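Here is a short guided read of the protein on your screen. Keep the viewer open and follow along.

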Amino acid sequence: MKIRTKLIISFIIPIVCLITLGLVSYQKAADGILSSYEFSTAQSIKMLGEYLNIGVNSVEAFAVQCINDNTLMLYTNGYYKDDIIENNNVYDKYYKSFLAKATTDEFISGVSIMTSSDIKPISDKNLDYNILDDFNNTELGKSVNQNPGKAIWIGANEFLDDKLGKDYGIRYVRRFSGTNAIIIIDINKEVIKKNLIDLQLDQFGDVGFITSDGVEIITGEEENEKEVFFNQTFYNAAISSDKSNDSYYVNKNGIEYLFIYSKIGDSGAMICALIPQNVLLSKANSIKRVTIFMVIISSIIAISVGTMISIGIDKTIKNINQGLEKAAKGDLTMQFHSRRKDEFRNLIHGIQNTFYNIKGLIHKVKELGNEVSASSENVKKTSEEFIKLCGNISQAMNEIEQGINQQAKDAQECLKQMSGLSEKIEIVSDSTEVIRQIANDTRVSIKDGTTVILDLNMQTKTTIGITSEIINDIEELAVKSSSIEKIVSVINDIVRQTNLLSLNASVEAARAGEYGKGFAVVAEEIRKLSQQSASSVKDINNVIKAIEEHIKQASQTVKKVENVMILQKKAVDNTISSYENINQNVEKLIVNINGISTNIDNIEHARVNTLGAVESISTVLQEIAASSNTVSQTTDKLLESVGTLNKSAINLNNNSDQMVEAVEIFKI
């Protein structure tokens, strides 16, 4: 980067600071103006809202006064209709009262009371007697009748506008509590417009009075103009808000506006204002313009001063550079001159003195260059001879080191083999010990198994004896069941004889006539007893046959069990014999295992001695290899150092020659 550029940048930095100061000042001023204007405007809207709220409350109070007026209540109920004079007097009274109220109260532009068709409505308008019936058929009339005693505020209604006119800002509609009459109070539209104009916001943006049903009174706008506030997103948000008044920025058609609103009591109406943000910033724009002007002037001055200073410096530096370029080519006879009386004059004198000292140095360098060249040639020859000697030593040490390393590797391999053999011997020893333990456990298990088999053999013999006794008992049971059959046969004979006796008794009782009736009853009972006995004997025969069948099956089963037990006894005897053979073989196995274990212990002792000797050899070889490696490394380092010395001698020789050649270039 050139000095000119640096100087210009140095001057621009304060300008940037000035720009930053201007921007900050502008922003602070803009924020202050915005904040002040926002607050004052919001307060104006709020105060107007409170003022209109007072008017709305006064209208509601007047409506409540009318509804609670006893005379007016009697009139709307038709109390005076039979007395025409009194009825007219009451009508005139309230007609004049309503006209006076509309004249004296700036908020009220008209009061009307719609009554039943047989009572004259009270209004300054020419209303039909049946207007109430027609109104009740409209949607608004139905809503009013469904909510008696509740006030409804409207901004427009086709029926009422046709009958009462449209010259109002907002209309109050409420039904009397004790009658069908409805009171309607119009709020003066001109009063609302006048207060909106007094805000003096219409010259910057839009300000208006908006009813809950979407009628907008906008200053400077015709009644049928396009909606400005109603149904806008920000308007709906304000309606839904719990705050009675607020202000915030909104975007409408791509333009930022300050939106301010104030709700008018319970009427659902609001005062709203939309002021463009650029209007609010118009006062701050003057600060912005002054700042821009000062920045431009400062930039021009800074760039001009920087350019003038940089041109003078540039000329002086060019003269110095031209002299230095000649000196760089070897011409030290160059003289520097300058008319400047600042630091550059001191710089030129310093350069001139430097050239004078360089000339003296070059004289000395020429004298010493030849001597250095001769010395470096001698060092080069000596280092070459020393390199050859070091190379021979290094080669011999490498051969010794290779032989020792090979022996160390062989010893280490032998040590690894011995270690592997040791591990295998230990595994065999452990396996032999395990086999010995298994053999001992097997011998104990065989003894326990033999004892169990002997007990099983005794139990088998006992079971065979018990089975024989069971067979004898079953055979005896079969014999006794035959005896039961004989007894049953005798009982069966008795039953037949009893039945025959009963029959004979019945015959005799029949012969005896009247005197034999009691005997006939006894004969009948004997006959029934005989039949029951015959049935029981039959059941007993069936049971005995079933028992005989089960006895036969049990006898066959027990005989099969007896045969199985005999075979089991033979198997147990064979098992005992097998256990005795296994026990003899296990005893022989234990004797052989003990012999193997003794031999393994001897092998392990020899292995330990051999392993110790090999480890000693390996340690000695490693120490020798380490020593030879150290010597070899020392030789290599020495060789490397000598090589470096040789290279340095060569470079020194070359540099001395080059230095002499370079010095010859200069003109002194």
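Strand 5 (residues 206-210) pairs with strand 9 (residues 269-276) in the antiparallel sense, over five bridges. Within this pairing, G208 stands opposite C272 of strand 9. Please keep in mind that you are looking at a predicted model.

On its other partner, strand 5 is joined to strand 6 by three bridges, and these two strands also run antiparallel. Here F209 has I217 of strand 6 as its bridge partner. Strand 5 and strand 6 form a hairpin with five residues between them. In that turn sits G214, with a positive phi of about 95°. Strand 5 is mostly covered, as four of its five residues are buried.

**The five-stranded sheet**

These strands belong to an open sheet of five strands in the order 6-5-9-8-7, with antiparallel pairing. Its edges are strand 6 (216-218) and strand 7 (245-252), each of which pairs on one side only. On average, neighbouring strands of this sheet are turned by 25° against each other, with direction ignored.

Which helix lies across strand 5, strand 7, strand 8 and strand 9? That is helix 8 (residues 233-240), which runs at about 30° to strand 8 (255-264).

Now find K252, which is part of strand 7. How far away is the nearest side chain of opposite charge? That side chain belongs to D206, at 5.1 Å, and K252 has no salt bridge although it is buried. A salt bridge would call for a side-chain nitrogen of Lys or Arg within 4 Å of a carboxyl oxygen of Asp or Glu. Leaving out residues up to four places away in sequence, K252 touches V228, Q232, F234, Y257 and L274.

**Loop and turn residues with positive phi**

Three residues around this sheet are worth a click for their backbone angle. N231 has a positive phi although it is not a glycine, and N253 likewise has a positive value in a residue other than glycine.

| Residue | Location | Phi |
|---|---|---|
| G214 | turn between strand 5 and strand 6 | about 95° |
| N231 | loop between strand 6 and helix 8 | about 70° |
| N253 | loop between strand 7 and strand 8 | near 55° |

Is N253 buried or exposed? N253 is exposed, with a relative accessible area of 71%.

**The four-stranded sheet**

A further open sheet has four strands in the order 1-4-3-2, again with antiparallel pairing. Strand 1 (108-114) and strand 2 stand at its edges with a single partner strand each, so one side of each is left without a neighbour in the sheet. From one strand to the next, the twist averages 20°.

Within this sheet, strand 3 and strand 4 run antiparallel and are joined by six bridges. To see one position of the pairing, look at I170, which stands opposite I187 in strand 4.

**Helix 5 and its cover**

Next, turn to helix 5 (residues 139-146), where L140, G141 and V144 are buried. Why do they lie on the same side of helix 5? They cover an arc of only 100° around the axis, and therefore share that side. As a general point, an α-helix has 3.6 residues a turn, so residues three or four places apart point the same way. On the face of helix 5 turned away from the buried side, you will find the exposed residues E139 and Q146.

What covers the buried residues of helix 5? The cover includes helix 4 (131-136) and helix 6 (158-164). Strands contribute as well, including strand 2 (152-154), strand 3 (170-175) and strand 4 (182-187).

**The protein as a whole**

Zooming out, the secondary structure comes to 12 helices and nine strands. The protein has 668 residues, of which 31% count as buried. Among contacts with a separation of 6 or more, 66% are between residues 24 or more positions apart.

Terms used:
Residues are numbered from 1 along each chain as its sequence is written. This is a predicted model: local features need pLDDT of at least 70, side-chain atom pairs count only at pLDDT 80 or more; totals for chains, interfaces and linings use all residues. Side-chain values use heavy atoms; hydrogens and water are left out. Two strands pair if DSSP finds at least two bridges between them. Axes are lines fitted to C-alpha atoms, for helices over the stretch in contact, and angles run from 0 to 180 degrees between N-to-C directions. Contact means heavy atoms within 4.5 Å. Buried means under 20% relative accessible area, exposed over 50%, partly exposed in between (1.4 Å probe, protein chains only). Lys and Arg count as positive and Asp and Glu as negative; His and the chain ends are not counted. The arc is that of the directions from the helix axis to the C-beta atoms.
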